[in-house]
Amino acid sequence: MQVSPKGDNFMLISSKGRYTLYVLVDLAKNGQNRYIPLKEIAERQNISKKYMEGILKTLVDRNLLEGVKGKGGGYKLTKEPKDYSLGEILRLTEGDLASVPCTSKTPIWQQLDNLINNYLDSVTLANLLNNE
């Protein structure tokens, strides 16, 4: 959650969330049946290798990626692109995807949060690949 200069609250996807999506889409697009080295992904996505290491570690720890060290190593998806939802990915990086702070939860905001979460859960990496 980010607070604007006017004091209005709004949901904001962090750079970590966006970069995580970029990495996963890159692997979905380029990693068919092979491990992709971190360096390759970082160069294509213009993300520092150091920053990507943290993202990749989280994704491996949560079993969204498989990582292999050494020659011929790298990263690949653990499941098909159609089986990764944006909601799952963004909740991993952003935590709660609430539209307003939890102290302000009224039925209207709960309904909005349900719409947001249901929509993000319905969009997959495969959808992103098809809409590049």
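Let's start at helix α4, residues 86–94, where L86, G87, I89, L90, L92 and T93 are the buried residues. Keep in mind as you read that this is a predicted model. The cover over the buried residues of α4 includes α1, α3, α5 (107–122) and α6 (125–130). Just after α4 comes G95, with a positive phi near 75 degrees.

One residue of this helix deserves a second look. T93 lies in α4. Is T93 buried or exposed? T93 counts as buried because its relative accessibility is 16%, and buried means under 20%. Leaving out residues up to four places away in sequence, T93 touches K16, G17 and T20.

**The overall plan**

Now step back to the whole chain. The protein has six helices and four strands. Following the sequence from start to end, you meet them in the pattern β-β-α-α-α-β-β-α-α-α. Of the 132 residues, 35% count as buried. The protein exposes about 8,200 Å², and carbon and sulfur atoms supply 50% of that area.

How much of the contact pattern joins residues that are at least 24 apart? Among contacts between residues at least 6 apart in sequence, the share is 59%.

I47 gives you a single residue to follow. I47 sits in the loop between α2 (38–45) and α3. With a relative accessible area of 6%, I47 is buried, because the limit for that class is under 20%. Setting aside neighbours within four places in sequence, I47 is in contact with Y19, V23, A42 and M52. Y22 is 25 residues from I47 along the chain, and the C-alpha atoms of these two are separated by 9.6 Å.

**Charged pairs**

Side chains of opposite charge can pair when their charged atoms come close. How many salt bridges does a search of the whole structure find? The search finds seven. Here are three of them as pairs.

| Salt bridge | N to O distance |
|---|---|
| K57 and D61 | 2.8 Å |
| K82 and D83 | 3.2 Å |
| K79 and E88 | 3.4 Å |

Take K57 and D61 to begin with. Both lie in helix α3, four residues apart, which is about one turn of the helix. An α-helix has 3.6 residues a turn, so residues three or four places apart point the same way. K57 and D61 are both exposed.

The other two pairs have their own settings. In the pair of K79 and E88, K79 is partly exposed, with a relative accessible area of 29%. Its partner E88 is also partly exposed, at 28% relative accessibility. In the pair of K82 and D83, K82 counts as exposed at 55%, while D83 is partly exposed at 37%. Why do K82 and D83 fall into separate classes? The reason is that exposed means over 50% and partly exposed lies between that limit and 20%.

Salt bridges can also be followed from residue to residue in this model. D26, R34, E40 and R44 are linked in a network of salt bridges.

**Pockets**

Rolling a probe the size of a water molecule over the atoms shows where empty space is left. The largest pocket has a volume of about 270 Å³. Of the 14 residues that line this pocket, G67, V68, K69, G74 and Y75 are the closest to its centre. The elements that give two or more residues to its lining are α3 (49–61), β3 (65–68) and β4 (74–77). Which element supplies the largest share of this lining? That is α3, with five residues. By class, the lining of the largest pocket divides into six nonpolar, four polar and four charged residues.

The second largest pocket holds about 190 Å³ of space. Its lining consists of L27, A28, G31, Q32, N33, K76, L77, T78, K79, E80 and P81. Two or more of these residues come from each of α1 (15–30) and β4. By class, the lining of the second largest pocket has four nonpolar, four polar and three charged residues. You have already met K79, one of these lining residues, as the salt-bridge partner of E88.

Note on methods:
Residues numbered from 1 in each chain as written. Predicted model: local features only at pLDDT ≥ 70, side-chain atom pairs only at ≥ 80, totals over all residues. Heavy atoms only, no water. 1 Å grid on protein atoms, 1.4 Å probe; cavity = no way out; pocket = protein on both sides within 12 Å on 5 of 7 lines; lining within 4 Å. Points joined across faces, edges and corners; volume = space filled by probe spheres on them. Nonpolar A, V, L, I, M, F, W, Y, C, P; charged D, E, K, R; others polar. Buried < 20%, exposed > 50% of the residue type's maximum accessible area, 1.4 Å probe, protein only. Contact = heavy atoms within 4.5 Å. Areas by Shrake-Rupley, 256 points an atom, 1.4 Å probe, with all protein chains shown as cover. Salt bridge = Lys/Arg side-chain N within 4 Å of Asp/Glu carboxyl O.
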